[in-house]
Amino acid sequence: MKKIKIFDPRDFPSYLPKLNALYDDLFAGGKGFRAYLIQKVSGHLGLGERPVDLLAQTIEFIHNASLLHDDLVDRSHLRRNKPAAWTKYTPEYAVLAGDYLLARVMVNLSNHGNIKLIQYTAEVISDLLEGEWIQDSLVRDWNITLEQLDRVHNLKTGSLFKWCLRSPFLALERYEKELHDLLEEMGTLLGLLFQRSDDLLDFDIRNSEGKAVLGDLKSGYLNSFGVFLTRDMSAEQKERFLKSQSLGELKSVVGEANFEAKLSEFDRINSAMIELYQHQTQRLNGFLNESQKGLVQELLPLPKQLYWRKK
Amino acid sequence: MERFVTLSRQHPDFLKYLDGTFSDSYVALPKQSMNVATSREEVTFEIVPVSEVEVPSFFKVLLTMARPYSAALSIGPAIAATIFSNTVYVLDSRLVAVCLLAIACFHIGMNFLDDYFDHRRGIDRLNQRSGSQAIQNGWIRARTMYQAGLGLLGFAVLLGLPIILQRPVLLLTAAVFALLIAWGFSSQTARLKYRGLGEITTFLLSGPLLTSGLVWALVGEFRWQSMVLGCVFGFSTVIYYHLKNLENIMVDSQAEARTLATRMGFDKSKKLVLILAALSSLSILFFDWAVNTDGYFILVLVVHWAALFPIVKRLRNAPSPLSSSLSEIRKAGLRAHVITTVALSVAIFSSPYLFGPSSP
């Protein structure tokens, strides 16, 4: 699969060198998974090279704009093991750079001219911001439920996965409501699985990327696995859990065996979600012609790869 | 049978799966619902053999379904109204027992029907904190819940029948009115709850209609003061109901259910609680005036505000509709209702100003 160049300094004004430097840093370390997903879907639908490039660039611009804003809102100092943009270039520049990316998205899509795609993209951006806004209000909310967190993650993470699945069809002017409902359901499940898997990294589970351990907890945010671990705890046990400074300390509060049991239960619940995703993906066959049906086979293993962090 | 089945509303078996009548040996657990309450609704069910569903003990299921904590919203006012009636007339203890049992059956029956209709409409499928979740967990089939709800409402009517026969015209009118409102609260056809009329319905059913109807049944005549007493409970219940709607504002908006909370938005809804608290307080003062007790019930007002103050204070600080503090605030709303009920009941019982029970 061709590697798409997401950021090209020639696309941005040369008289704003700091902006270009900031973007250079920002786009350097990303995995580009969302762009990869766009390519996968578009490839089977026979979408041309230019629209695929546009869609891939769009989703990465939106995603990276959200990271710029997110890091500032969360006061995170590191992004992809490098100083976060707001620490290196000032918070004001980070905000402006994020806004500028979102504006570029609208300019680029308007040039493409598909009004339904523009409208849907605007909806996704507003979902994303709504999610960020609500998530910030949940900092130090230690009694949050998994269902409430799922709602935030559906807005923040799920919305982008839904966009990856739906936008190639919209670009092809496939507007059937039933098809898009189905893609929404698939995107919701993918987003939740991705987020839950990401939340496990915080507890050093399948953490091959070397993500900082207990980062969420230390910044006052109880993630999905944290909620799952603490939901039957006594107030006293929960307090000790929240004060844990290391994973060893945390596991001693939960109990090593209990920690493993909870992880197995969490995995079991999410495996059921993977099966649900696979059921929905099989239904996609009904909307595809023979030459497009390879897409289903491509999408079926995706949640397992995402959740179990398989390469 | 496949593990998952997705059906659209147009599918001939859709309602059978939703009601749980599609098979005797399997249950269909709703896992994903799209476009709820529209003609394009689509639900993905997980099909599980009956033997594999983890069902708690019968007693626990019954308790979960009946939601006894919420019975305080009707039994509490009923007890207060009974004590009020006792200041007017020497009561027949069997009559009191029958009336209270009828009210309890009526309330639990309404909870069952509410669960059923919220399942059908999708509210309880989208929101795992809504209702008892007994249907969604596969503990009971939706149809059985519906039948049990109807059965309890019917039983409540049967219990009330002898009393209605004694005072037929007006009491029958009140009973039919209450039944119609109860049915219309969440049923598919009337859907008062989803048309922004839930608050008014709740106010009437747990307030003036309940207390005046009960006093009427026990004493044999209409006492306007009982309507005022009902207003205190009506407003107090609406506070709890509104706090619940505030907690569910995002899901209700998604399901296009119109409540005061969804119509007013999160911030204005928080202020509404203060207005409702003022109305319930005014009702207490009005009741004091109505029964001519020279400010004796101001003590109740003090207790009422002591219970409401933490709610108003915590609500002001609730940052978002997903904040977990909303759940605590809702529970505090129920506690405030119970505290007010107890204070009011004790005050009525001990008031030296009210009529003695020997008075006709």
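**Three-stranded sheet of chain B**

In the predicted model, chain B contains an open sheet of three strands arranged in the order 1-3-2, with antiparallel pairing. Strand 1 (4-8) and strand 2 (26-34) of chain B occupy the edges, and each has a single partner strand, so one side of each is left without a neighbour in the sheet. From one strand to the next, the twist averages 30°.

The pairing of strand 2 of chain B with strand 3 (residues 42-49) of chain B is antiparallel and comprises eight bridges. Within this pair, Val27(B) lies opposite Val48(B), the latter in strand 3 of chain B. Helix 13 (residues 256-283) of chain A packs on the sheet. This helix of chain A touches strand 1, strand 2 and strand 3 of chain B, and its direction makes about 50° with that of strand 1 of chain B.

On the other side of strand 3 of chain B, as the order 1-3-2 indicates, strand 1 of chain B is joined to strand 3 of chain B by five bridges, again in the antiparallel sense. Here Phe4(B) stands opposite Glu46(B) of strand 3 of chain B. In a regular strand, side chains alternate between the two faces of the sheet.

Notes: Residues are numbered from 1 along each chain as its sequence is written. Chains are lettered from A and ligands numbered from 1 in the order in which they are written. This is a predicted model: local features need pLDDT of at least 70, side-chain atom pairs count only at pLDDT 80 or more; totals for chains, interfaces and linings use all residues. Two strands pair if DSSP finds at least two bridges between them. Helices (H or I, at least four residues) and strands (E, at least two) are DSSP runs, numbered from the N terminus. Axes are lines fitted to C-alpha atoms, for helices over the stretch in contact, and angles run from 0 to 180 degrees between N-to-C directions. Two residues are in contact if their C-beta atoms, placed from the backbone, lie within 7 Å.
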